[in-house]
Amino acid sequence: MVSPSQIHQSILLELCPLLNSYVKSQNGNCKVFLHHQYKTFQSPPLTIVLPDIMIICNKEKLDKNQCNDAPDFIIEIVTLVNPSDDCIRKENLFISFLEIANSLNI
């Protein structure tokens, strides 16, 4: 995995406080996480994904280390260094996980 560029980090640092402030203003149970991992439950192999930003509203999805279910909201900052990873591989993982979750009525 390539380290995030300065521009990538700057965008991340601008978005997170805005999202966190909005979530808090809604007085809900949602939490904003940076680079927090979550598992996709595809048949082998187990895949760990690290979205740039994710919001989790159901605390039962979290354990002390990761999110064990689909996040409620994901933001991926697309990089110029490796756009195929962000736009193709990760998107396909997110979509396949969503399809699995929907088929199981999660």
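Hi everyone. Let me start with a working term: a residue counts as buried when its relative accessible area is under 20%, and as exposed when that area is over 50%. With that cut-off, D52 is buried, because its relative accessibility is 5%. Please keep in mind that this is a predicted model.

Let's stay with D52 for a moment. Where does D52 sit? It lies in the loop between β3, residues 47-49, and β4. Its side chain makes a polar contact with the side chain of H8, at 3.3 Å. Leaving out residues up to four places away in sequence, D52 touches H8, L12, F33, L34, H35, I75, E76 and I77. Two of those names, H8 and L12, take us straight to the helix, since both are among the buried residues of α1.

So, on to α1. This helix has 20 residues and reaches 29 Å from its first C-alpha to its last, close to the 28 Å expected at 1.5 Å a residue. Which residues of α1 are buried? They are H8, L12, C16, L19 and V23. Seen down the helix axis, the buried residues fall within an arc of 85 degrees, so they line one face of α1. As a reminder of the geometry, an α-helix has 3.6 residues a turn, so residues three or four places apart point the same way. On the other side of α1, the exposed residues are Q6, I7, L13, E14, L18 and Y22.

What do the buried residues of α1 pack against? They pack against β1, β4 and β5, the last of these being residues 73-75. V23 gives a closer look at this: leaving aside neighbours within four places in sequence, V23 is in contact with G28, C30, V32 and I55.

That leads nicely to the core. The largest nonpolar core has 9 residues, namely L12, C16, L19, V23, V32, I53, I55, I75 and I77. Two elements give two or more residues to this core: α1, residues 6-25, and β4, residues 53-56. Of the elements, α1 gives the most, with 4 residues. For background, nonpolar side chains tend to be buried together in soluble globular proteins.

Next, what follows α1? There we find N27, whose phi is positive, near 55 degrees. I flag it for anyone who likes to check backbone torsions, since this is a positive value in a residue other than glycine. N27 is found in the loop between α1 and β1, residues 31-34. N27 is exposed, because its relative accessible area is 69%.

Finally, the cysteines. How many disulfides does the structure hold? It holds 1. C30 and C57 form it, with their sulfur atoms 1.9 Å apart. The link of C30 and C57 is right-handed, with 100 degrees about the S-S bond. C30 lies in the loop between α1 and β1, and C57 in the loop between β4 and β5, so the pair ties together parts that are 27 residues apart in sequence. Are these two cysteines buried, exposed or partly exposed? C30 counts as partly exposed, at 22% relative accessibility, and C57 is also partly exposed, with a relative accessible area of 30%. By contrast, C16 counts as buried at 10%, and C67 counts as buried at 0%.

That's my tour. Thanks for listening, and I'm happy to take questions!

Note on methods
Residues are numbered from 1 along each chain as its sequence is written. This is a predicted model: local features need pLDDT of at least 70, side-chain atom pairs count only at pLDDT 80 or more; totals for chains, interfaces and linings use all residues. Side-chain values use heavy atoms; hydrogens and water are left out. A nonpolar core is a set of buried Ala, Val, Leu, Ile, Met, Phe, Trp, Tyr and Cys residues joined through side-chain atoms within 4.5 Å. Buried means under 20% relative accessible area, exposed over 50%, partly exposed in between (1.4 Å probe, protein chains only). Contact means heavy atoms within 4.5 Å. A polar contact is a pair of N or O atoms within 3.5 Å; within protein, one must be able to donate a hydrogen and the other to accept it, and residues adjacent in sequence count only if both atoms are side-chain atoms. The expected span of a helix is 1.5 Å times one less than its number of residues. The arc is that of the directions from the helix axis to the C-beta atoms. A disulfide is a pair of cysteine sulfur atoms within 2.5 Å.
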